[in-house]
Amino acid sequence: MELTLLGSGGDSQTPMPTCDCRVCEPAREEGLPHARYGNSTLVRDADALVDAPESIWAMLNRERVMDLDYIFVSHHHVDHVGGLRVVQAIGRPDFPLEDWDNEDPVTVVMSETTYDRVAESLDIESQYDDRGYADFELVSDGERMALGGGVEVTGIGAPLDPDGPADAAMSYCFERDGERVLISPDETTFLDLSKVPDDLDLWVKECGMFRETGDGEPIMTEELWAEERESQTTFEQTLEQVRTVEPDRTVLTEIEEIYRRRPDEYAELAAQYDDLGVEFGRDGMAIAV
């Protein structure tokens, strides 16, 4: 399978507006590989996108993506669904417009819990469904779907908190001809690893929070760190999950600007875990399985 990491950033993208730190300045002046848009992965074999952050319009144009059949949504947080309005542009009819229905609308796939939560903020029924901008399909934890190109995908659910719905955060496992790729963009803190398939060729997974910058400066106060780590994955937790699952290769995404590391520093850090096959993703990164 062929994948492209459209965006490798997180809630705090790089460069951050008004920031002139040592990470943001080269990102602003030079662009890639320093710059990071929001978290989104393209599975080219199925013309399928996982997550649509606010910057998805720019990323699809940058990579000249001309065909898109599916958008899979991992969870309802705005940095993963804020760009869903891009469905207006997919399958758009020629002028003059007869109605608002797209001729070949994209299929947006998400869990029932995510749909209910996104519907509250985006007014899906009137702004998307009624206008024919997209078809919506619900996927449950463990459900398998057949896509185009001989690709099948299975939803793997996890709660956002210990007592929450089991389908609030979805990972998606894409399979074709024995190749197996799991995409877990974010919110893997409470992911039941026993649900993760064996023999993963690739895991695209959230990086997890760092306690300090590369220079050893604390990113959060002790109080905020203690609060955040109760529900947010840390980098150490990510490494432990990778050790447990043992994929052939792991590409980390959801890399926040607040971590204050440059691409070469992430490469040096990844070299420390060479035995795990871990590497840090970058925007526009092409991945072959």
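Me: Before Trp 203, what counts as contact here?
Reply: Contact means heavy atoms within 4.5 Å. The model is a predicted one.

Me: Fine. Which residues is Trp 203 in contact with, leaving aside neighbours within four places in sequence?
Reply: Leu 182, Ser 184, Leu 191, Leu 193, Gln 241, Val 242, Val 245, Pro 247, Arg 249, Thr 250 and Val 251.

Me: And which residues have the most contacts inside the largest nonpolar core?
Reply: Trp 203 is one of them, along with Leu 182, Leu 200, Cys 207, Phe 210, Phe 235 and Phe 280; the core has 27 residues.

Me: What elements supply at least two residues each?
Reply: Strand E8 (152-158), helix H7 (235-245), helix H8 (263-271) and strand E13 (278-280). The largest share, four residues, comes from H7.

Me: What does the second core include?
Reply: That separate core has 25 residues, among them Val 43, Phe 72, Val 139 and Met 145.

Me: Switching to the sheet. What is the strand order?
Reply: E6-E5-E4-E3-E2-E1-E14, seven strands in an open sheet with mixed pairing.

Me: Why is one side of E6 and of E14 left without a neighbour?
Reply: Strands E6 (134-138) and E14 (285-288) stand at the edges and each has a single partner strand, so one side of each stays unpaired in the sheet.

Me: How do E5 and E6 pair?
Reply: In the parallel sense, over five bridges. Val 106 stands opposite Ala 134 in E6. Helix H4 (residues 112-122) lies across both strands, at about 110 degrees to E5.

Me: Leu 3, in E1: buried or exposed?
Reply: Leu 3 is buried, because its relative accessibility is 2% and the cut-off for buried is under 20%. Leu 3 touches Val 43, Val 181 and Met 285, among others.

Terms used:
Residues numbered from 1 in each chain as written. Predicted model: local features only at pLDDT ≥ 70, side-chain atom pairs only at ≥ 80, totals over all residues. Heavy atoms only, no water. Buried < 20%, exposed > 50% of the residue type's maximum accessible area, 1.4 Å probe, protein only. Core = buried A, V, L, I, M, F, W, Y, C linked by side-chain atoms within 4.5 Å. Pairing = 2+ DSSP bridges. Axes fitted to C-alpha atoms, helices over the stretch in contact; angles between N-to-C directions.
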